[in-house]
Amino acid sequence: MQRPEFWMGEPRGDLWPEGWDPEITVVIPAHNEAESIATTVETVLRQTVKPALVIVGNDCSSDDTGRLAREAGAYVLDLPRQGVKGKVINEMLKHVKTPYMIVIDADVRLEPDAIEKLIVALADGETFCASGFIIPWKQETLWEKLRTVQYIVYM
């Protein structure tokens, strides 16, 4: 299959090979993310392409991150403090049984068709990694605004 050329924002589902039904797990490493985790999980569960499972790796949070993630509909792994996002992701990998996995931060709000747009990059059977475009939802402090500029410049 030849990879289609497309602009960000165009519908992707019609570009999938016929009969292709990707099973996806979304993993979300989290430490003290009570302020944003429920919204993040809810935006994942409202996708046009539904994930088979949403896993939140609760990295020994001292706030209500785990409870709020569960209430929002995620499967929560309550982990002893890992301290490094990569270690949390490695623990979550042990629970991923689908052929595709998406990793997002705990303060991300996905557009309703974000997975649909991203997953088409893998439809050719040769690509094994794809990335979306990040715009942080919270841009109040100077650091948060600079982080947004960094994402735009280095993307």
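Which residue follows helix 2, and what is the sign of its phi? Helix 2 is followed by Gly73, and the phi of this glycine is positive, near 115 degrees. The model described here is predicted.

## Helix 2 and its buried face

Helix 2 covers residues 65-72, and its buried residues are Thr65, Gly66, Leu68, Ala69 and Ala72. Viewed down the axis of helix 2, these buried residues lie within an arc of 170 degrees, so they line one face of the helix. A general rule helps in reading this pattern: an α-helix has 3.6 residues a turn, so residues three or four places apart point the same way.

The buried residues of helix 2 pack against four elements. These are strand 1 (24-30), helix 1 (37-45), strand 2 (53-59) and strand 3 (75-79).

## Strands 1 and 2

Two of the elements that pack against helix 2, strand 1 and strand 2, also pair with each other. Their pairing is in the parallel sense and runs over 6 bridges. Within this pairing, Val26 stands opposite Val54 of strand 2.

Strand 2 is mostly covered, with 6 of its 7 residues buried.

## A nonpolar patch on the surface

On the surface, Leu93, Met101 and Val103 form a nonpolar patch. Together, these three residues have about 220 Å² of accessible area.

One member of the patch, Val103, belongs to strand 4, which spans residues 100-103. Val103 has 40% relative accessibility and therefore counts as partly exposed, because that class lies between buried, under 20%, and exposed, over 50%.

How values were computed
Residues are numbered from 1 along each chain as its sequence is written. This is a predicted model: local features need pLDDT of at least 70, side-chain atom pairs count only at pLDDT 80 or more; totals for chains, interfaces and linings use all residues. Side-chain values use heavy atoms; hydrogens and water are left out. Buried means under 20% relative accessible area, exposed over 50%, partly exposed in between (1.4 Å probe, protein chains only). The arc is that of the directions from the helix axis to the C-beta atoms. Contact means heavy atoms within 4.5 Å. Patches are made of residues with over 30% relative accessible area and no salt bridge: like charges are joined within 9 Å, nonpolar side chains (Val, Leu, Ile, Met, Phe, Trp, Tyr) within 5 Å. Accessible areas come from the Shrake-Rupley method with a 1.4 Å probe; for residues, only the protein chains shown count as cover. A salt bridge is a side-chain nitrogen of Lys or Arg within 4 Å of a carboxyl oxygen of Asp or Glu. Two strands pair if DSSP finds at least two bridges between them.
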